[in-house]
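Biologist: I should like to understand the reasons behind the terms applied to this structure. May we take them one by one?

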Amino acid sequence: MKRPSLKRQLTILFLCVIIPVSLLLSLLLVYAAEYSRSRLAHTTAGNLQLFGSTLERQMLAAESYLLNLSLNDAKLRNLSEETSRTQAYLDLCELVQGFPALLAANDALMGIVLVNGANNMYKGAYGTVYGDSVQQLEQKRAMEAYLTRVGNFHSIHTAGWYMEQIGGRLYLMRSVTTQKAALTAAIDLRMLFEELLLGSGLDGQVLICDQQGQLLLGEAEPGLLDKVHWKDGYGVVRRESGAELVVRRRVQLLEVYYLTPYEHRGVAMGGYEMLLVLASVFVITAIPFLFIYMKQEIFRPMNVLVNTMDRISSGDLSARPDVDYRNAEFTQVNETFNHMIDQITRLKIDQYEKEIEARRNEMTALKLQIRPHFVLNCMKSVYALVQTGLREDAQQLILLLSRYLRYILSFTSNTAPLSSEVEQCCNYADLSSIGQPEPIRASLLEREAEVMLCDIEMPVESGLDLLKWMRDREMRTRCIFLTAYAKFQYAQEAVRLGGFDYIMQPAPYGQVVETVERALREVRDERTSQELQTRGALFDRQKKEIAATLLRDVLTGAAAGGNLKAFEEIGLFPQRSQDCWLVLMQPLDCTRQRSPWSMPLLGAAVDNICSEIFAPLEVLSIAVPMSREQGLAIVLQSQSGEALEQDAVLRQLAYLQSACEQYLHLGAAFYLTGPDPFAGAPAMWNKLLEQKNENVALKSGVYTGQERHGPRRENFHIHQAAGWRRLMQEGYPQTVAQEACQLLDRLAAHNQLDRMELRLFYQDFMQMVFTSMETDQARLRGMFREPEALELYRNGMKTVDAMKALIHYVAGSWGGGEAGRSQNAVETVCRYVAEHLEEELRREELAEVVHLNPDYLNRMFKKETGLTLKEYVIWQKMQEAQSLLRTTSLPVSLIAAKVGYSNFAHFSTSYKNSFIAARRRNVRIHDRKTDRTQTISCREYGSAGGGSAGRLRRKTRR
């Protein structure tokens, strides 16, 4: 068991003595402070006793006078009986004449009042009254009014002293009553408090409270008396100015508190207390000095001695204590210790020299045994290097070996310079590294070898083990064994591990070269085969994209004919010499899709549908998206050798159109041409583009280019242009817009509208607009200034919808500028939303209603209403749902379906979010009953929505 150190024992002894002494002195100081505070409390209680006795004496004098008068005075008894009013007045006057003597003897009394309730008489005498003459008069009148009132109603308090607030002053009152009269003495409590405070000589703060602890006189923080800690008749309270001593005394109805400042430093101490303080200060001051002395004279020398012994234990025999001891004991210990260490050091040096001599003799004997074998091994290495053609390495090995042997054989002395030993160590390391390859496994892991020559037995490891390690890591290196081992087991294991060849030594050089070349040819053939497989897999994954890209280049005239022959042979591309049908698919509108189809995605979907439709008919179909033309090109070519009839193609295209509407929710127009050889595909494509441009009404269907339109008028003109001009000038642009759109609809319905006629219509309409604005050049210059308006102006002649959008824009601009046009568009959208709440409304559909760009309409709508189109549609649907929840008993799922929600969870989330949102906005709401749009605040619906949301939650739980 490890014994404790002397330092630790002294420290524990020091703490065991100092700590109890410090605690004892602290307890004595606490007791002395408590005794001083108790003595101060008794002194303060004596002062408060004097203050309370004075107050009680004056109250007792007044009360005794009243009771004596009520019991012994005949005049007062006469007032209590039925007497005449004159006699009562005379008795009253005689009684009041004795009041001034009492008031003079007791200056605390404000007055004594006698009230005769039977005759309604009031008489009193007043002593010291607060304030000037006016204030004194007001106080007297207030006292008279109060006593007359309570005396007449016989509600005066007679049980003892009581307090009343009269005229803004607090009075301590005592009343004595007979049958018909009441005698009352009043003491102004504040004046009494101030006089007693001045006369008692109290230097602290006096507080007067009622029996409930309510502060009546004096100033103190709220709740101060609740913070007092009471103990043995006195208490202590902490204030911002410091600690204060509190004593209290009860006087009749009053609680009198006296607060005096109290600090330990300010308390007078006796001789005993002062002695305790001085002793404590001495002990506390002596502790650090005693500790410093012990540290310097005992602990520090002991630490130095212990550290020196630790260093010697670790092998440092030169370590000595480095300290100046000041006492004889430690000096003697230090000298004895140093002498003992010197002797130990000499003994160890002698023993070490003997061990060195023994090792030197052993090393000499070992060198005599090793040198011949080392030289022979070096000579074998030189022979091997020469045989393998590494002549430079052989020369370097001979040079290093001669240098090493010269140093070894010339070794005669027992000592050698350290520099020579280091040089020979480096020379030996170079000698060992000549002809030794780098670690083969690390090299193979860094870069896999293609061909490797090795032996069965090698210096580091067996060649078979190396080949097995390579095969475990799936290395495909061709391994050629060059060995002199003719064992069948070696050859069998090499074949099992996939060795390339097994050559027995000695072998002709030509055989080795031929085997290596054969291995290299196999490596090249395998690499070529893998590259072809990789390219084939890549081509197989992307053959559709490649064929689509080639077809796009053919249609645009950018593909060379020589590049297509290989694709024709493998059946990925139409034969240029055979007839084919070419179809242009024009997407028109998305019926249910929330966002328009992207062309690549639409191309992939249509190509899959075409494969399912035409593959059973042995027809090659390729669908290619043409982004610039905003359509899809579809090539159809028979692979069975039979001609593909037009009726069959039309039936399949009609089925493709219905499949797009049913599965892709997409309307489309199909333009067909052919059959013609595929070599003329560019001309066929241009023909289809012409057909597409002729479909200005954007009607869906299958068109062959042979459709007959109505009789074309050579000189198409708008006969209503003159009337429209007058209407525009008179301020009826909406009427002109309505008639123009109706005319376009009639022409399109009777197939009398193609690209040329639409262009003539555009020219006549714009000419009418410009002639109508001859007198208003400012409006004419600002009409098409915005980018959206300029885009409408450029595209108006391309389609009927674009022309309608241009007409509505012109009418809106004419009718009131940007603000009027925006307001009309917003009103139209609001009405449309209110009438189609049961449908799934999209932004593109709403933009088509007002013939505006969806993004432009969204910005305009948000500017006018504060909500985007999507937010407004959701808001209107939720208002309709709220109305149905309140006024009907329909199931929630049915209400969700009636406002266009097929997913109940989506409807519930939208409903809650629309009414829980804390935003405050002004929203334009369309009322379907009145067909009017009004601006309301979202907060008006916030509270209303909460009840319906709760009802919705309850229905959901059911």
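Modeller: This is a predicted model. Helix H1 covers residues 6-72, and Val17 lies within this helix.

Biologist: Why is Val17 called partly exposed?

Modeller: The relative accessible area of Val17 is 45%. Partly exposed lies between under 20% for buried and over 50% for exposed, so Val17 is partly exposed.

Biologist: Which residues form a nonpolar patch with Val17 on the surface?

Modeller: Leu13 and Val21 join Val17 in that patch, and together the three have about 250 Å² of accessible area.

Biologist: Turning to the interior, which residues touch the most other members of the largest nonpolar core?

Modeller: They are Phe99, Leu109 and Ile112, in a core of 41 residues. Helix H1 gives the most to this core, with 7 residues. Apart from this core lies another, of 35 residues, including Phe716 and Val810.

Biologist: With what is Leu109 in contact, leaving aside its neighbours within four places in sequence?

Modeller: Among its contacts are Ala62, Leu102, Gly127, Ala185 and Ile187.

Biologist: How do you know that Cys610 has no bond to Cys660?

Modeller: The sulfur of Cys660 is the closest cysteine sulfur to that of Cys610, at 7.7 Å. A disulfide needs the two sulfur atoms within 2.5 Å, so the pair is too far apart for a bond. The count of disulfides comes to 0.

Biologist: What makes Cys610 buried and Cys426 partly exposed?

Modeller: Cys610 has a relative accessible area of 1%; buried means under 20%, so Cys610 is buried. Cys426, at 46%, falls between the cut-offs of 20% and 50%, and therefore counts as partly exposed.

Note on methods. Residues are numbered from 1 along each chain as its sequence is written. This is a predicted model: local features need pLDDT of at least 70, side-chain atom pairs count only at pLDDT 80 or more; totals for chains, interfaces and linings use all residues. Side-chain values use heavy atoms; hydrogens and water are left out. Patches are made of residues with over 30% relative accessible area and no salt bridge: like charges are joined within 9 Å, nonpolar side chains (Val, Leu, Ile, Met, Phe, Trp, Tyr) within 5 Å. Accessible areas come from the Shrake-Rupley method with a 1.4 Å probe; for residues, only the protein chains shown count as cover. A salt bridge is a side-chain nitrogen of Lys or Arg within 4 Å of a carboxyl oxygen of Asp or Glu. Helices (H or I, at least four residues) and strands (E, at least two) are DSSP runs, numbered from the N terminus. Buried means under 20% relative accessible area, exposed over 50%, partly exposed in between (1.4 Å probe, protein chains only). A nonpolar core is a set of buried Ala, Val, Leu, Ile, Met, Phe, Trp, Tyr and Cys residues joined through side-chain atoms within 4.5 Å. Contact means heavy atoms within 4.5 Å.
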